[in-house]
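Subject: Handing over a structure

Dear colleague,

I am passing on to you the structure we spoke about, with the sequence alongside. Please look through it first, and then read the notes below.

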Amino acid sequence: MVLLELQIPNHTFHQKVKVRTKKCTISIYVSIKIKVRDKDGKMRWQRVEVKLEEHIKIPKFPETTNSSSILYDNYLSDYVTSILTSRTPQDKPLWEIHLIKYPTSNAKGTLIFKLHHALGDGYSLMGALLSCLQRADDPSLPLSFPSRPQLNSKYAKKGLFKKLCLDISSFFSSISDFGSSLIKTRMIEDDKTPIRSGYEGTESQPFTLSNISLSLDQIKEIKSKLGVTINDVLSGVIFYGIRLYMEEMNEKTKKSNSTAVVMLNTRNIEGYQSLKEMQKPESKSLWGNQISFLQIPIPKLSQSDPLEFVWKARKLIKRKRRSFGVYLIGLLLNLEMKLKGSESVAKIIYNTMGNSSVVISNLVGPVEKMALANHPINGFYFTMTGGPENVDITIMSYVKILRITLRTLKGFIDERKFKFCMEKAVEVIFKAAMEISEIPVKN
């Protein structure tokens with residue numbers, strides 16, 4: 001028996017229901033409101049009747065005498081592709097749950113949540129999901145998460161003059177980043193490359209998913225050897241893998257102008273909070289969409305040392321983190337939401353993604369193994385859908401595994417070769433890092 005509780009915030013109304021199948025019972029809090037346009041042209045929430053059979057879906061795969069889980073891997077892959085392609089109906093509550101009761105090479109069963117961004121951002125939705133899960137070793141103990149490094153600890157130790165210089169530099173960097181983001185969003189497009197077709201309407205075309213599982217200990221070895229952060233290592237790996245693929249498909253594009261949009265959560269808080277905490281007015285992590293983004297130029301494949309991708313990623317991200325450009329963009333999105341509504345914000349984000357080459361997002365998972373009603377969870381990951389970009393890369397940590405999920409446009413991007421280039425990037429960077437005798441000094 002599987003027991004699942006998914007809670008949606010109070011402002012969209014709730015109804016508790018149960019769905020029974022032959023082998024499972026699902027108890028769930030569901031949203032029973034949709035967004036409609038009122039007489040003034042503004043989008044409002046409106047209560048509707050929920051038909052659970054339209055939201056809880058249990059697919060049936062073809063019967064087979066072959067018990068190999070590889071066969072069901074293919075069925076699951078095709079099913080996920082169909083989910084990614086289909087748009088969420090706007091005349092129904094914006095969620096779906098898919099229960100796949102067939103074994104694959106990764107697990108005995110798979111549970112898929114398809115949730116519209118109107119319900120909340122990744123932080124909110126992940127907080128809701130984690131509220132339903134328990135530690136596998138001891139359900140009475142809370143889940144714990146990796147600690148975040150204190151960004152201001154080095155700043156506090158600096159002298160007054162150095163702080164003043166940093167503040168002045170941060171001010172001008174903030175203005176520059178904010179202005180360049182606005183120009184990039186509205187006017188400048190990336191070059192057409194093997195990862196960016198430049199065609200309109202690709203969001204309605206089929207996409208495929210592929211996954212890469214990395215050892216967190218291996219990434220930490222690279223981190224310690226180079227004296228950087230885990231995010232620096234992962235960014236360098238992704239950028240290097242992208243350039244390897246671009247060179248493999250078309251050597252002329254290895255120096256093309258390509259940009260990665262990194263989606264960010266603007267909440268100044270460590271870890272996830274419970275649903276009750278997120279719904280409190282005084283909470284620092286209110287439910288909803290509190291997002292911003294970084295636009296990072298992907299380093300060009302002009303150097304022989306693959307570690308340069310890690311150094312350049314570190315330098316770019318460090319400079320942008322020192323500026324307040326991210327928060328200015330977040331404030332702009334919030335102001336746009338209040339003045340013009342969610343459709344205007346969606347248009348800004350849509351244009352930003354459409355003018356760029358790849359969208360990257362990451363979420364941190366617990367360090368302990370989880371269980372769902374005493375059923376161990378082998379792994380989980382997430383992806384984004386519905387955007388105009390041809391490549392999405394999402395990263396999720398769970399226990400000692402980092403899973404990189406690649407969502408690529410079917411028929412345009414060779415997903416196997418793209419995955420191979422990402423795996424090769426990890427191997428090459430790891431080997432190069434291990435050959436270093438001492439940590440080089442990099443700003």
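A residue is called buried here when its relative accessible area is under 20%, exposed when that area is over 50%, and partly exposed in between. By that standard, buried residues make up 44% of the 443 residues in the protein chain. Please keep in mind throughout that this is a predicted model.

As for the chain as a whole, its secondary structure comes to eleven helices and 16 strands, and its accessible surface is about 24,000 Å², of which 53% belongs to carbon and sulfur atoms. Among the contacts between residues at least 6 apart in sequence, 70% join residues that are at least 24 apart.

Turning to the interior, the largest nonpolar core has 50 residues, and those with the most contacts inside it are Leu 226, Phe 239, Ile 242, Ile 393 and Phe 418. Helix H6, which covers residues 230-249, gives the most to this core, with ten residues. Ile 242 touches Ile 195, Ile 298, Val 358, Ile 393, Phe 418 and Met 422, if residues up to four places away in sequence are not counted. Apart from this core lies another, of 26 residues, among them Val 50, Trp 287, Met 370 and Tyr 398.

Two of the residues touched by Ile 242, Val 358 and Ile 393, also appear in the strand pairing. Strand E12 (residues 358-363) has five of its six residues buried, so this strand is largely enclosed by the rest of the structure. Strand E10 (residues 259-265) is joined to E12 by three bridges, and the two run parallel; here Ala 260 has Val 358 in E12 as its bridge partner. E12 also pairs with E15 in the parallel sense, over five bridges, and in that pairing Ile 360 stands opposite Ile 393 in E15.

Elsewhere, three strands form an open sheet in the order E8-E13-E14, with antiparallel pairing. Strand E8 (134-135) and strand E14 (375-376) stand at the edges, and because each has a single partner strand, one side of each is left without a neighbour in the sheet. Strand E13 (residues 370-372) is joined to E14 by two bridges, the two strands running antiparallel, and the bridge partner of Leu 372 is His 375 in E14.

Some individual residues also deserve a look. Gly 325 is found in helix H9, which covers residues 325-340, and Gly 325 counts as buried because its relative accessibility is 3%. The C-alpha atoms of Gly 325 and Ser 176 are separated by 8.0 Å, although these residues are 149 residues apart along the chain. Leaving aside residues up to four places away in sequence, Gly 325 touches Ser 174, Asp 177 and Phe 178.

Val 399 lies in the loop between strand E15 (391-398) and strand E16 (401-409), and its phi is near 55 degrees, a positive value in a residue other than glycine. With a relative accessible area of 31%, Val 399 is partly exposed.

Finally, on the surface, Ile 183, Met 187 and Ile 188 form a nonpolar patch with about 310 Å² of accessible area together. Ile 183 has its place in helix H4 (residues 160-186), and at 41% relative accessibility Ile 183 counts as partly exposed.

With best wishes

Methods
Residues numbered from 1 in each chain as written. Predicted model: local features only at pLDDT ≥ 70, side-chain atom pairs only at ≥ 80, totals over all residues. Heavy atoms only, no water. Patch = residues over 30% accessible without salt bridge, like charges linked within 9 Å, V, L, I, M, F, W, Y side chains within 5 Å. Areas by Shrake-Rupley, 256 points an atom, 1.4 Å probe, with all protein chains shown as cover. Salt bridge = Lys/Arg side-chain N within 4 Å of Asp/Glu carboxyl O. Helix = DSSP H or I, 4+ residues; strand = E, 2+ residues; numbered from the N terminus. Buried < 20%, exposed > 50% of the residue type's maximum accessible area, 1.4 Å probe, protein only. Contact = heavy atoms within 4.5 Å. Pairing = 2+ DSSP bridges. Core = buried A, V, L, I, M, F, W, Y, C linked by side-chain atoms within 4.5 Å.
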